[in-house]
Amino acid sequence: MQIFRHIPQSSAPAAIAIGNFDGMHLGHQALLRQLIAYAQTYRIVPAVMTFEPHPREFFVPQNAPARLASMREKLEYFAEFGVQCVYVQRFSHAFAAQSPATFMQVLRQQLNANVVMVGEDFCFGAKRAGTVQTLIEHGFNVIPLPEVQLNGERVSSTLVRDALAAGDFAKAHTLLGRTYSISGKVVHGAKLGRQLGFPTANVHMRHERPALTGVYAVKLNNLPAVANLGVRPTIEGIPKLKLEVHVFDFNGDLYDQHVHVEFLHKLRDEMKFAGLDALTAQIAADVVHAKQYFQSAAVK
């Protein structure tokens with residue numbers, strides 16, 4: 001799969017799906033399946049245009065939605081579906097200010113878009129003036145994707161975020177078609193967990209606005225574990241959110257490995273303790289509760 005951080009001067013004829021694709025839920029998956037099928041039928045390139053940062057992160061960072069996936073995770077999903085070309089468009093003042101006509105010119109002349117696939121509510125150009133109807137009126141072959149519904153609800157990134165925030169992993173799994181996970185490289189930390197008797201893998205977060213925080217029963221590369229995702233309020237001086245994972249009965253070396261952490265069950269919210277002794281006791285209790293969860297899940 002080719003990845004472009006800029007728009008090339010010309011490309012092979014392509015079917016292009018455009019969107020943020022945050023989380024790659026069932027609606028995104030339906031769009032990509034349609035993209036691949038169309039490209040195979042007409043023997044053209046299946047391509048995706050996505051944006052970094054998310055437009056709402058650019059315009060209203062303080063009220064931007066939580067991130068469901070990093071760019072690397074999105075690229076991994078695109079590759080799995082068979083996308084051959086991804087254009088990662090940097091969302092900037094210049095890009096946001098361009099007219100719908102300019103954007104359509106890029107689609108036609110530089111990206112050689114044979115067909116454009118977007119959600120029915122897709123908007124583009126300055127002040128979101130361009131719509132699906134604008135594309136159609138200017139001669140584009142547009143395939144809008146109707147809403148994908150599940151149990152009477154429109155499948156959306158917002159619905160996934162709400163399910164994760166509420167600890168409803170069964171619903172999140174249904175909306176995503178898979179277990180929700182966060183991936184990243186294991187990096188060196190202060191090694192406080194090791195001192196407390198619970199060594200942790202510190203997973204580098206690509207974004208600082210996750211859809212969930214707290215303590216969870218998880219699997220790290222399919223190994224049962226307990227994880228804390230938060231700011232560690234008991235420990236002073238922690239500048240940003242961290243994902244720390246304690247893998248049960250594991251003595252291997254995970255440093256510099258790219259790992260996947262699957263979130264399965266919420267144990268509790270993050271909280272501040274009076275000191276390290278109280279924190280250690282709670283971690284021990286969390287480990288017990290997480291192991292009980294896995295035992296219960298195995299029985300089912």
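How many helices and how many strands does the secondary structure of the protein chain come to? With the whole chain displayed as a cartoon, the secondary structure comes to 10 helices and 16 strands. The model is a predicted one, and the values given along this tour are computed from it.

**The whole chain**

Before selecting anything, turn the model along its principal axes, where the C-alpha atoms fill a box of roughly 70 × 40 × 35 Å. If you colour by accessibility, buried residues make up 48% of the 300 residues in the chain.

**Helix 1 and the turn after it**

Select residues 26–42, which form helix 1, and then continue into the loop that leads from this helix to strand 3. Two residues in the helix deserve a label, beginning with His28, which has its place in helix 1. His28 has a relative accessible area of 13%, which is under the 20% cut-off, and therefore counts as buried. From the C-alpha atom of His28, draw a distance to that of Val155, 127 residues away along the chain, and the separation is 9.3 Å. Further along helix 1 is Ile36, which at 12% relative accessibility also counts as buried. Ile36 and Ala17 are 19 residues apart in sequence, and their C-alpha atoms are 9.9 Å apart in space.

Next select Arg43, in the loop between helix 1 and strand 3. Most residues other than glycine have a negative phi. Arg43 has a positive phi of about 55° although it is not a glycine. With a relative accessibility of 80%, Arg43 counts as exposed, because the cut-off for that class is over 50%.

**The cis peptide bond**

Follow strand 3 (45–52) to the loop that separates it from helix 2 (55–59), and stop at Pro53, which lies in that loop. Most peptide bonds are trans. The bond that joins Glu52 and Pro53, however, is cis, with omega at about 0°.

**Two cavities**

Rolling a probe the size of a water molecule over the atoms shows where empty space is left. In this model, the count comes to two cavities of 30 Å³ or more. Which residues line the largest cavity? Select Asn20, Asp22, Phe51, Glu52, His54, Arg67, Ala69 and Lys74, which together line it. Glu52, already met at the cis bond with Pro53, is one of these lining residues. The space in this cavity is about 40 Å³, and its lining has two nonpolar, two polar and four charged residues.

For the second largest cavity, which holds about 30 Å³ of space, change the selection to Gly23, Leu68, Ala69, Glu73, Tyr77, Arg178, Tyr180 and Ser181. Its lining divides into four nonpolar, two polar and two charged residues. Ala69 appears in the lining of the largest cavity and also in that of the second largest.

**The largest pocket**

Now show the surface and look for the largest pocket, which has a volume of about 1,200 Å³. The pocket is lined by 41 residues, and those closest to its centre are Gly19, Asn20, Asp121, Phe122 and Arg128. Two or more lining residues come from each of helix 1, helix 2, helix 4 (93–97), strand 5 (113–119), strand 6 and helix 7. By class, the lining has 21 nonpolar, 11 polar and nine charged residues.

Keep Arg128 selected, since its place is in the loop between strand 6 (123–124) and strand 7 (130–131). Arg128 is not a glycine, yet its phi is positive, at about 55°. At 55% relative accessibility, Arg128 counts as exposed. The loop between strand 6 and strand 7 also holds Gly125, which is partly exposed, with a relative accessible area of 23%. To span a longer stretch of the model, draw a distance between the C-alpha atoms of Gly125 and Thr200, which are 75 residues apart in sequence and 46 Å apart in space.

**Helix 7 against helix 8**

For the last stop, select residues 157–165 as helix 7 and residues 169–176 as helix 8. Two packed helices are described by the angle between their axes and the distance between the axes. Here the axes come within 8 Å and cross at roughly 155°. Angles over 145 degrees count as roughly antiparallel, and therefore helix 7 and helix 8 are roughly antiparallel to each other. The crossing in which helix 7 passes helix 8 is left-handed.

Key. Residues are numbered from 1 along each chain as its sequence is written. This is a predicted model: local features need pLDDT of at least 70, side-chain atom pairs count only at pLDDT 80 or more; totals for chains, interfaces and linings use all residues. Side-chain values use heavy atoms; hydrogens and water are left out. On a 1 Å grid over the protein atoms alone, a cavity is a set of points where a 1.4 Å probe fits but cannot get out, and a pocket is an open set with protein on both sides within 12 Å along at least five of seven lines; lining residues have an atom within 4 Å of a point. Grid points are joined across faces, edges and corners, and a volume is the space filled by probe spheres set on the points. Ala, Val, Leu, Ile, Met, Phe, Trp, Tyr, Cys and Pro count as nonpolar, Asp, Glu, Lys and Arg as charged, and the others, Gly among them, as polar. Helices (H or I, at least four residues) and strands (E, at least two) are DSSP runs, numbered from the N terminus. Buried means under 20% relative accessible area, exposed over 50%, partly exposed in between (1.4 Å probe, protein chains only). Axes are lines fitted to C-alpha atoms, for helices over the stretch in contact, and angles run from 0 to 180 degrees between N-to-C directions. Angles under 35 degrees count as roughly parallel, over 145 as roughly antiparallel, 65 to 115 as roughly perpendicular and the rest as oblique. A crossing is left-handed if the near helix is turned anticlockwise from the far one by less than a right angle, and right-handed if clockwise.
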